[in-house]
Amino acid sequence: LVSRKWKVGRTQVELGDGVVIGNGSLSIMAGPCSIENEQQVRLTMDHLRQNNVRIMRGGVFKPRSSPYAFRGLGVEGLKMWYTLAREAGIKIISEVMQVSQIEAMYDYVDIFQVGARNTQNFNLLDELGKVDKPVMIKRGISGTIEELLYSAEYVFSAGNEKLMLCERGIRTYEKASRNTMDVNAIPILKEKTHLPVIADPSHGIGIREFVEPVALAAVMAGADGIIYETHQKPEEAASDGQQTLDFDESTRLIRRLTKAFELK
Ligand code: PEP
Ligand code: MN
């Protein structure tokens, strides 16, 4: 069902208030790895609004390699974020880690993000298939393109067609970067599926200085959108600071992405 053989034309995901993903314009989603506090949310939203970015990312349930690392503010943090985002006219994308969180998060997100560690959590995908809110599925850490497409098939076949995919780098033998951003996956996915394809250069390479070139490569490869991490003080971020842009870097990236997209 997610194949281009099945559907003529491309899926567009509508978030309301004129925000649409996959309509031929470049969608930008930016924000911190983790939602930390009200001041951070306000500063980030001011930054996004200054650059006409309409979608903010941020985790409130964080999948951390170590159980002792910061695990997120939970639903209370999401509610605080949502209240401020609605005032600012900003849409929210946030990761859902398990089935029980779907209902708890439902009223406070615009896009449910399925993280790379949950790409093949088939119970979660089944349940997201019954929800009438957009879903973005990230590629599994060691997942193939075909596996990502089958994960999408779970959600789509259960009834939710507001779906998009995200390339976020895969684990290879290469240790010079956090993950290996598979830029190849972007044109391949665009060829195989009618769903919008988003690229995450932050997790894709994991190195702050190189997020921009990888993001630009993803745009030239045909991505419908870019999702990346930004923070007012990356050095102090609760998670993923090493791959997080400050607001000046983020502003420059947005400018360059927009230019690259126009040249395409
Ligand atoms: C994230 O977006 O912060 C995240 C945890 O991403 P991934 O699931 O791709 O590791
Ligand atoms: Mn992160």
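## Terms and overall fold

A β-α-β crossover is called right-handed if, with the strands pointing away from the viewer, the path from the first strand over the helix to the second runs clockwise. In this predicted model, such a right-handed unit is made by β7, helix α5 (residues 145-157) and β8.

These strands belong to a closed barrel of 8 strands with parallel pairing, in the order β3-β4-β5-β6-β7-β8-β9-β10. On average, neighbouring strands of this sheet are turned by 25° against each other, direction ignored.

## Strand β8 and its partners

On one side, β8 (residues 163-167) pairs with β7 (residues 135-138) in the parallel sense over 4 bridges. Val135 has Leu163 of β8 as its bridge partner, and Lys138 is bridged to Cys166.

Strand β8 also pairs with β9 (residues 197-199), again in the parallel sense, over 3 bridges. In this pairing, Ile198 of β9 stands opposite Cys166. The chain passes from β8 to β9 through helix α6 (residues 185-192), and this β-α-β crossover is right-handed.

## Burial of β8

A residue counts as buried if 20 or more other C-beta atoms lie within 10 Å of its own. In β8, 5 of the 5 residues are buried, so the strand is largely enclosed by the rest of the structure.

In a regular strand, side chains alternate between the two faces of the sheet. In β8, Leu163, Leu165 and Glu167 point one way, whereas Met164 and Cys166 point the other way. The residues pointing in either direction are all buried, Glu167 and Cys166 among them.

Definitions and conventions
Residues are numbered from 1 along each chain as its sequence is written. Chains are lettered from A and ligands numbered from 1 in the order in which they are written. This is a predicted model: local features need pLDDT of at least 70, side-chain atom pairs count only at pLDDT 80 or more; totals for chains, interfaces and linings use all residues. Two strands pair if DSSP finds at least two bridges between them. Helices (H or I, at least four residues) and strands (E, at least two) are DSSP runs, numbered from the N terminus. Axes are lines fitted to C-alpha atoms, for helices over the stretch in contact, and angles run from 0 to 180 degrees between N-to-C directions. A residue is buried if 20 or more other C-beta atoms lie within 10 Å of its own, exposed if 12 or fewer, and partly exposed in between; C-beta atoms are placed from the backbone.
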